Amino acid sequence: MAGLLAAALFVFVGPQKLPAEERVVIAIQPTLSSDEMLTKSKPLQQFLEQSLGGKTKVEIYVPTSFAAVVESLRFGHAHVAFMSAWPAQLAAQLGGAEVALAEVRQVLHGKDKVEAPYYFSYWVVPSNSPHQSLHSLKGKTVCFPSPISTSGYVAPMGRLAELNLLQTPEGKEADPKTFFKEVIFGGGYAQCWQALKQGQVDVTIIAGDVPEKLYNEVLGSTRVLEQQGPIPSHAVVVSKELKDPLRAKVIQAIEKLSQPEHRDMMRSFISSLFVGFKPTTTAEHLGPLTRYLKLARLKYTERL
């Protein structure tokens, strides 16, 4: 696994490591351009410095990739990271980092809108599809949003393995091409939905953390064959290099972002579904994901 992330070391350019007592470096998983994210993160930086009593310098930066965020925690270049579930699992597994807070999001569980640190994803076919179960889709065409999507690929692959529709020999990853005739990675849920609407694929995935309009459009025009979850939301991950009492102070400061007056700031660049943070542990938050990864034996690969 370490070798899969090695490439990130060559593109990662982070701040020099200094004593944690002097400053706290926070890495944020890229979702927008680095310049845009850094601009939008200024209020967060100022809020955290103020919450830490004005005596601790906070630096925020945006690595070039998900893998680089993992490596920044692993090698002590960052003390804290805002990151999605699979990279968080790798940071814990490879670097001894710990999940301290789970992001509570406004998500959809079935037809219900809820605030939760987890959600579900669903296999869907057109309403008039002859297929009544995943078993009958052998030899058909599927669209996944991305091979590094927790809800759109990892959990669905784990569910296929759980149903014995995919074989996972020791040392090998589950391969969807052993079940489906053709596998397409559409680049997102919306793109896969378009492919399903246009009859280009027989089945796809939709998740409860996509925009509500897209979610309702998909579920209103399709039939759900299977679901998987709970799938953990994004998390705040802390490096083992960050020690108490500063560690506890930083976590408390980040928890204050759960107050409603800070919601818009976090939604502008962390997640449009952000509601707040909930204290948790690595095992509690990432347990379901770890189970799916073991079922499918998937390894993290990322094009840099």
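Phe 82, in strand 3, has Val 236 as its bridge partner in strand 11, and that pair is a good place to start reading this predicted model. The two strands run antiparallel to each other and are joined over four bridges. One more step along the ladder, Met 83 stands opposite Ala 235 of strand 11.

Let's stay with strand 3 for a moment, which spans residues 80–83. On its other pairing, strand 3 meets strand 1, residues 23–28, in the parallel sense over three bridges. Here Ala 27 is matched with Ala 81. So much for the backbone; what about the side chains? Val 80 and Phe 82 lie on one side of strand 3, Ala 81 and Met 83 lie on the other, and all four are buried.

Now move across to strand 11, residues 235–238. It has a further antiparallel partner in strand 4, residues 98–109, again with four bridges. In that pairing Ala 102 is the bridge partner of Ala 235, a residue we have already met opposite Met 83. The side chains of strand 11 follow a pattern you may recognise from strand 3: Ala 235 and Val 237 point one way, Val 236 and Val 238 point the other way, and every one of them is buried.

With these strands in view, you can look for empty space. How many cavities of 30 Å³ or more does a search of the whole structure find? The search finds one, with a volume of about 90 Å³. Its lining has 12 residues, and those closest to the centre are Phe 82, Met 83, Glu 103, His 234 and Ile 270. Strand 3 and strand 11 each supply at least two residues of this lining. If you are thinking about the chemistry of the wall, the lining residues divide into eight nonpolar, three polar and one charged.

Finally, follow the nonpolar packing outward from here. The largest nonpolar core has 68 residues, and Met 83 and Val 237 are among those with the most contacts inside it, along with Trp 123, Phe 144, Met 157, Phe 180 and Ile 206. Strand 6, residues 118–126, gives the most to this core, with six residues. Apart from it lies another core of 30 residues, including Ile 26, Leu 257, Phe 274 and Phe 277.

Met 83 is a handy residue to keep selected as you explore: it is buried in strand 3, it is listed among the residues closest to the cavity centre, and it is one of the residues with the most contacts in the largest core.

How values were computed:
Residues are numbered from 1 along each chain as its sequence is written. This is a predicted model: local features need pLDDT of at least 70, side-chain atom pairs count only at pLDDT 80 or more; totals for chains, interfaces and linings use all residues. Side-chain values use heavy atoms; hydrogens and water are left out. On a 1 Å grid over the protein atoms alone, a cavity is a set of points where a 1.4 Å probe fits but cannot get out, and a pocket is an open set with protein on both sides within 12 Å along at least five of seven lines; lining residues have an atom within 4 Å of a point. Grid points are joined across faces, edges and corners, and a volume is the space filled by probe spheres set on the points. Ala, Val, Leu, Ile, Met, Phe, Trp, Tyr, Cys and Pro count as nonpolar, Asp, Glu, Lys and Arg as charged, and the others, Gly among them, as polar. Buried means under 20% relative accessible area, exposed over 50%, partly exposed in between (1.4 Å probe, protein chains only). Two strands pair if DSSP finds at least two bridges between them. A nonpolar core is a set of buried Ala, Val, Leu, Ile, Met, Phe, Trp, Tyr and Cys residues joined through side-chain atoms within 4.5 Å.
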